[in-house]
Amino acid sequence: MIAFEVNGQPASFAGAPDTPLLWILRDTLGLKGTKYGCGVGVCGICTVLVDGEPRKACVEEVSSLSGTQVVTIEGIASNPQHPVIQAWIAEQVPQCGYCQPGQVLAAAWLLQRHPEPTDAQIDEAISHVLCRCGTYPRARRAVQRAAAIASSDADPPVRAGAVSAAPIE
């Protein structure tokens, strides 16, 4: 029996130790937010955080998880006040949405490590999650906005053409 936590809740698995985390999340625990992309750890669509570090759930064997803490998109999205969730909505990042769980986890990880990331750091972090729709510019703006929200800046960056919520005088 391999015991670990998922989104702060105890979890365990008694099956084959080489079972990928992705299938445990989706099929055993019913957490469908983490998506299957390539199955070989290349596309990053299935990114989750294991003890705070990004991992590809499609190739992360459950045997490596004993005593760890796993965070999935459900763990981040359960807090609508999370800066990344707020920013992703404000910037309207998703197009098809398939890669977004991985992108959000990559952004959350980046902001834990670099609260004020440079564009190069943002690009590096989100480039590990393939987005076939090309939402990288919106994701970059969302990470910038999330950083501003997290640092309690009064006015997070507003994208060009966005409607301001401030009253017009």
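There are zero disulfides in this structure. Keep in mind that this is a predicted model, and then have a look at the cysteines. Cys-43 has its closest cysteine sulfur in Cys-38, at 3.8 Å, which is too far for a bond, because a disulfide needs the two sulfur atoms within 2.5 Å. Cys-133 has a similar story to tell: the closest cysteine sulfur belongs to Cys-96 and sits 3.7 Å away, again too far for a bond. As for their surroundings, Cys-43 counts as buried at 10% relative accessibility, whereas Cys-133 is partly exposed at 28%.

So much for sulfur; now for charge. Side chains of opposite charge can pair when their charged atoms come close. How many salt bridges does a search of the whole structure find? The search turns up five. Let's walk through some of them.

Start with Arg-113 and Glu-53, which form a salt bridge with their closest N and O atoms 2.4 Å apart. Arg-113 belongs to helix H4, residues 100–113, and Glu-53 to strand E4, residues 53–56, so this pair ties together parts of the chain that are 60 residues apart in sequence. Neither end is hidden away: Arg-113 is partly exposed at 36% relative accessibility, and Glu-53 is partly exposed at 32%.

Next, turn to Glu-91. Which arginine has its closest N 3.3 Å from an O atom of Glu-91 in a salt bridge? That would be Arg-141. Glu-91 sits in the loop between helix H3 (83–90) and H4, while Arg-141 is in helix H6 (residues 136–150), so the bridge ties together parts 50 residues apart in sequence. The two ends differ in setting: Glu-91 is buried, with a relative accessible area of 1%, but Arg-141 counts as partly exposed at 29%.

Glu-91 has another partner too. Its side chain meets that of Arg-145 in a salt bridge, 2.9 Å from N to O. Once more distant parts of the chain are linked, with Arg-145 in helix H6 and Glu-91 in the loop between H3 and H4, 54 residues apart. Here both residues, Arg-145 and Glu-91, are buried. Put these pairs together and the shared partners join Glu-91, Arg-141 and Arg-145 into one network.

H4 and H6 come up again when you look at helix H5, residues 119–126. Which residues of H5 are buried? They are Ile-122, Ala-125 and Ile-126. Viewed down the axis of H5, the buried residues fall within an arc of 85 degrees, so they line one face of the helix. The spacing makes sense, because an α-helix has 3.6 residues a turn and residues three or four places apart point the same way. And what do the buried residues of H5 pack against? Their neighbours are H4 and H6.

Finally, go back towards the start of the chain, to helix H1, which spans residues 21–28. Its buried residues are Leu-21, Leu-22, Ile-24, Leu-25 and Arg-26. In H1 the packing is against strands: the buried residues pack against E1 (2–6), E2 (9–13), E3 (47–50) and E5 (69–71). After H1 comes Gly-30, with a positive phi near 75 degrees.

Definitions and conventions
Residues are numbered from 1 along each chain as its sequence is written. This is a predicted model: local features need pLDDT of at least 70, side-chain atom pairs count only at pLDDT 80 or more; totals for chains, interfaces and linings use all residues. Side-chain values use heavy atoms; hydrogens and water are left out. A salt bridge is a side-chain nitrogen of Lys or Arg within 4 Å of a carboxyl oxygen of Asp or Glu. Helices (H or I, at least four residues) and strands (E, at least two) are DSSP runs, numbered from the N terminus. Buried means under 20% relative accessible area, exposed over 50%, partly exposed in between (1.4 Å probe, protein chains only). The arc is that of the directions from the helix axis to the C-beta atoms. Contact means heavy atoms within 4.5 Å.
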